[in-house]
Amino acid sequence: MADLKVLIVAENPLARMGLAGLLTGLPELRIAGQTGGANLLTEIDLSQADVIVWDWGWGVTPELPKDMPVVALLKEANQAAEAWRAGARGLLVGSLDADSLGAALM
């Protein structure tokens, strides 16, 4: 089975690094890139990611790519409707562990 390439999107660099650190230990996933989201379409092209993991907690409603699976990590349940309307295909609580996140992405 080929590795799933993940692009991590989070405003906070520490959040990006933390997510990358959590997912790096999972053999079936590969971190394709990390971004603050400012140049998302360019980052998607450069990374050739299969899926985006988005730290949704910073209150920005981005324009999500329609042809790319996006999993939103929510800090609060009241963010679910906003993320869903923006085009997220998966909604997860941001407090889950690496194995659970990896399983949800696969």
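This section describes the overall fold of a predicted model, followed by its side-chain pairs and some individual residues.

The protein chain contains 4 helices and 5 strands. Read from the N terminus, these elements follow the order β-α-β-α-β-β-α-β-α. The radius of gyration of the protein chain is 12 Å, close to the 13 Å expected from the globule rule for 106 residues, so the chain is as compact as a globular protein of that length. The C-alpha trace of the protein chain extends over about 35 × 30 × 25 Å along its principal axes.

Of the 106 residues in the protein chain, 42% are buried. The exposed surface of the protein chain amounts to about 5,800 Å², and 53% of this area comes from carbon and sulfur atoms. When contacts between residues at least 6 apart in sequence are considered, 47% of them connect residues at least 24 apart.

The model has 1 salt bridge. It is formed by the side chains of aspartate 55 and lysine 75, with an N to O distance of 3.2 Å. These two residues are 20 residues apart and link distant parts of the chain: aspartate 55 belongs to strand E3 (residues 51–55), whereas lysine 75 is in the loop between strand E4 (70–74) and helix H3 (80–86). The partners also differ in accessibility. Aspartate 55 has a relative accessibility of 9% and therefore counts as buried, the cut-off being under 20%. Lysine 75 has a relative accessibility of 57% and therefore counts as exposed, the cut-off in this case being over 50%. The salt bridge thus joins a buried aspartate to an exposed lysine.

The side chains of aspartate 55 and lysine 75 are also recorded as a polar contact, at 3.2 Å. Apart from neighbours within four places in sequence, the residues in contact with aspartate 55 are Val9, Ala10, Ala15, Leu73 and Lys75.

A search for aromatic pairs across the whole structure returns 1 pair. In this pair, the ring centres of tryptophan 54 and tryptophan 56 are 6.0 Å apart and the ring planes meet at 55°, so the arrangement is classed as tilted. The angle falls between the two limits that apply, because planes under 30 degrees apart would count as stacked and planes over 60 as edge-to-face. Tryptophan 54 and tryptophan 56 are both buried.

Two further residues were examined for backbone geometry and position. Glutamine 48 is located in the loop between helix H2 (40–47) and strand E3. The phi angle of glutamine 48 is near 50°, a positive value in a residue that is not glycine. Most residues other than glycine have a negative phi. With a relative accessibility of 55%, glutamine 48 counts as exposed.

Methionine 17 is part of helix H1 (residues 13–24). Its relative accessible area is 52%, so methionine 17 is classed as exposed. Methionine 17 and glutamine 34 are 17 residues apart along the chain, and 8.1 Å separates their C-alpha atoms.

Notes
Residues numbered from 1 in each chain as written. Predicted model: local features only at pLDDT ≥ 70, side-chain atom pairs only at ≥ 80, totals over all residues. Heavy atoms only, no water. Salt bridge = Lys/Arg side-chain N within 4 Å of Asp/Glu carboxyl O. Buried < 20%, exposed > 50% of the residue type's maximum accessible area, 1.4 Å probe, protein only. Phe/Tyr/Trp six-rings, centres within 6.5 Å; stacked < 30°, edge-to-face > 60°. Rg over C-alpha atoms; globule rule 2.2 N^0.38 Å. Contact = heavy atoms within 4.5 Å. Areas by Shrake-Rupley, 256 points an atom, 1.4 Å probe, with all protein chains shown as cover. Polar contact = N/O pair within 3.5 Å; in protein donor to acceptor, adjacent residues only side chain to side chain.
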